[in-house]
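Here are my notes after a look through this one. Have the viewer open as you read, and take the points in order.

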Amino acid sequence: MAGDKKKRRRADDSSESDPDVGPATKSLPFQKRLKPDSVILSSLKSLAEHETASTSTSSSKTITLADLSLASACREVSDLPLSAVQSEIESIILSLAHSILSGRGFSFSVPSRSSANQLYVPELDRIVLKDKSSVRPYASVSTVRKATITARILQLIHQLCLKNIHVTKRDLFYTDVKLFQDQTQSDSVLDDVSCILGCTRSSLNVVAAEKGVVVGRLIFSDNGDMIDCTKMGMGGKAIPPNIDRVGDMQSDALFILLVEKDAAYMRLAEDRFYNRYPCIIVTAKGQPDVATRLFLRKMKMELKLPVLALVDSDPYGLKILSVYGCGSKNMSYDSANLTTPDIKWLGIRPSDLDKYTIPEQCRLPMTEQDIKTGKDLLEEDFVKKNPGWVEELNLMVKTRQKAEIQALSSFDFQYLSKVYLPLKLQQKDWI
């Protein structure tokens with residue numbers, strides 16, 4: 001009889017939705033709040049259908065920079081064929097030669113990419129570059145070296161146009177190490193050259209090394225080869241550095257899951273989360289690179305799927321999210337091609353720390369630099385536009401606590417895929 005009472009008591013305890021359920025019940029915190037997968041999938045289908053409908057409506061009346069009457073003149077670059085890039089370089093060099101022969105020396109007019117020359121446009125929900133330029137003369141001690149690097153980069157790009165080949169930014173740096181000294185210098189001037197020529201960086205045939213990866217319910221052609229991302233193993237498929245190689249995208253996914261960290265991506269890939277909830281999982285393994293940003297935008301536009309983001313609960317996680325959504329200040333000249341509109345912040349959000357009872361030992365104190373970064377973000381127009389972001393950031397700065405996605409592993413190594421994400425999707429808990 002006493003044994004029956006013990007059994008009954010244990011059964012009663014397991015039926016409660018207490019987040020502190022004991023290990024004896026083998027139930028994870030909040031797991032009992034989960035509804036059957038069929039219910040969650042039905043909700044996700046509604047989200048995908050709404051996204052398709054809204055994208056179709058908005059695509060028929062897409063607003064461009066040219067449609068707006070802004071107080072400041074702004075500039076944007078566009079994709080140019082190699083022949084046009086080559087012609088533009090030759091035109092610039094010809095004008096420099098005329099300037100030298102007339103005794104005026106030579107200089108480059110370079111669009112300024114400083115913070116003061118950036119503008120957030122709410123109608124477009126992205127950062128654009130204003131039209132201010134600076135002169136980079138060869139005959140000045142302060143700019144002679146940078147003018148020389150600019151001329152050298154133009155020469156190298158011209159060679160790529162003639163040969164019709166692609167190289168990496170690292171290749172470009174090693175063509176003249178003594179002049180460039182550091183790759184950050186050649187990379188920076190490469191962006192300047194894009195602005196000068198009025199073309200995207202990919203139009204220059206210079207790409208970054210492969211960094212981002214994708215896995216899940218996506219089939220696409222890579223330079224003519226068909227790739228099935230459900231058959232790429234746990235590591236997934238490396239995102240091609242040249243977006244021109246990518247085409248013929250097909251998918252039965254209901255959403256795209258954008259993940260900040262490689263560790264969280266590996267967990268979801270190994271658990272085959274994309275089979276339980278049809279989705280495409282993509283990550284740039286930290287700071288977004290150009291190829292991943294271009295690939296994400298291409299998926300969003302062609303497949304017409306909602307994008308949900310999973311980032312760390314710290315100011316840098318939100319900065320990374322904003323780069324995907326609104327663009328980076330460093331490459332604001334190409335924001336039209338690099339930004340993905342309407343990315344929803346799924347987690348990990350500051351309010352989740354208490355909501356999901358993340359243990360204190362898994363929360364980290366914010367440094368003074370973290371707090372400063374958080375406060376600076378609160379002053380950004382693209383943050384102010386979203387009240388949900390403002391509320392979460394204010395909470396983060398107030399509590400002075402941050403947490404990584406991996407903090408969820410304190411409950412269970414598979415808690416992210418078993419409970420946290422399914423419950424988020426069930427509750428449509430995104431902003």
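1. Starting with a helix pair: H3 (residues 82-101) packs against H4 (residues 144-163) at an angle of about 145 degrees, the axes being 9 Å apart. Bear in mind throughout that this is a predicted model. The crossing of H3 and H4 is left-handed.

2. Who touches whom here? On the H3 side it is Leu82, Val85, Gln86, Ile89 and Glu90; on the H4 side, Leu154, Ile157, His158, Cys161 and Leu162. Sorted by character, the residues of this H3 and H4 contact come out as seven nonpolar, two polar and one charged.

3. A second helix pair is worth a look. H14 (residues 368-378) and H16 (residues 387-399) pack at about 155 degrees, with 10 Å between their axes. Angles over 145 degrees count as roughly antiparallel, and H14 and H16 are therefore roughly antiparallel to each other. Their crossing is left-handed.

4. In that contact, H14 brings Ile371, Gly374, Lys375, Leu377 and Leu378, while H16 brings Val390, Leu393, Asn394 and Val397. The split for H14 with H16 is six nonpolar, two polar and one charged.

5. Now the sheet. Six strands form an open sheet in the order S11-S8-S14-S13-S15-S16, and the pairing is mixed. S11 (237-238) and S16 (343-347) are the edge strands; each has a single partner, so one side of each has no neighbour in the sheet.

6. Inside the sheet, S13 (residues 255-259) and S15 (residues 307-310) run parallel and are joined by four bridges. To find the register, take Leu257, whose bridge partner in S15 is Leu308. Helix H10 (residues 290-303) packs on the sheet and touches S8 (213-216), S13, S14 (279-283), S15 and S16; its direction makes about 160 degrees with that of S14.

7. Some backbone spots to check by eye. Gly347 and Ile348 are joined by a cis peptide bond, with omega about -15 degrees. Ile348 sits in the loop between S16 and helix H13 (350-355).

8. Which way does phi go at Asp342, a residue other than glycine? Positive, near 55 degrees. Asp342 is in the loop between helix H12 (335-338) and S16, and is partly exposed, at 43% relative accessible area.

9. Gln181 also has a positive phi, near 65 degrees, and is not a glycine. Gln181 belongs to the loop between helix H6 (177-180) and helix H7 (183-197). With a relative accessible area of 54%, Gln181 is exposed.

How values were computed. Residues are numbered from 1 along each chain as its sequence is written. This is a predicted model: local features need pLDDT of at least 70, side-chain atom pairs count only at pLDDT 80 or more; totals for chains, interfaces and linings use all residues. Side-chain values use heavy atoms; hydrogens and water are left out. Axes are lines fitted to C-alpha atoms, for helices over the stretch in contact, and angles run from 0 to 180 degrees between N-to-C directions. Helices (H or I, at least four residues) and strands (E, at least two) are DSSP runs, numbered from the N terminus. Angles under 35 degrees count as roughly parallel, over 145 as roughly antiparallel, 65 to 115 as roughly perpendicular and the rest as oblique. A crossing is left-handed if the near helix is turned anticlockwise from the far one by less than a right angle, and right-handed if clockwise. Contact means heavy atoms within 4.5 Å. Ala, Val, Leu, Ile, Met, Phe, Trp, Tyr, Cys and Pro count as nonpolar, Asp, Glu, Lys and Arg as charged, and the others, Gly among them, as polar. Two strands pair if DSSP finds at least two bridges between them. Buried means under 20% relative accessible area, exposed over 50%, partly exposed in between (1.4 Å probe, protein chains only).
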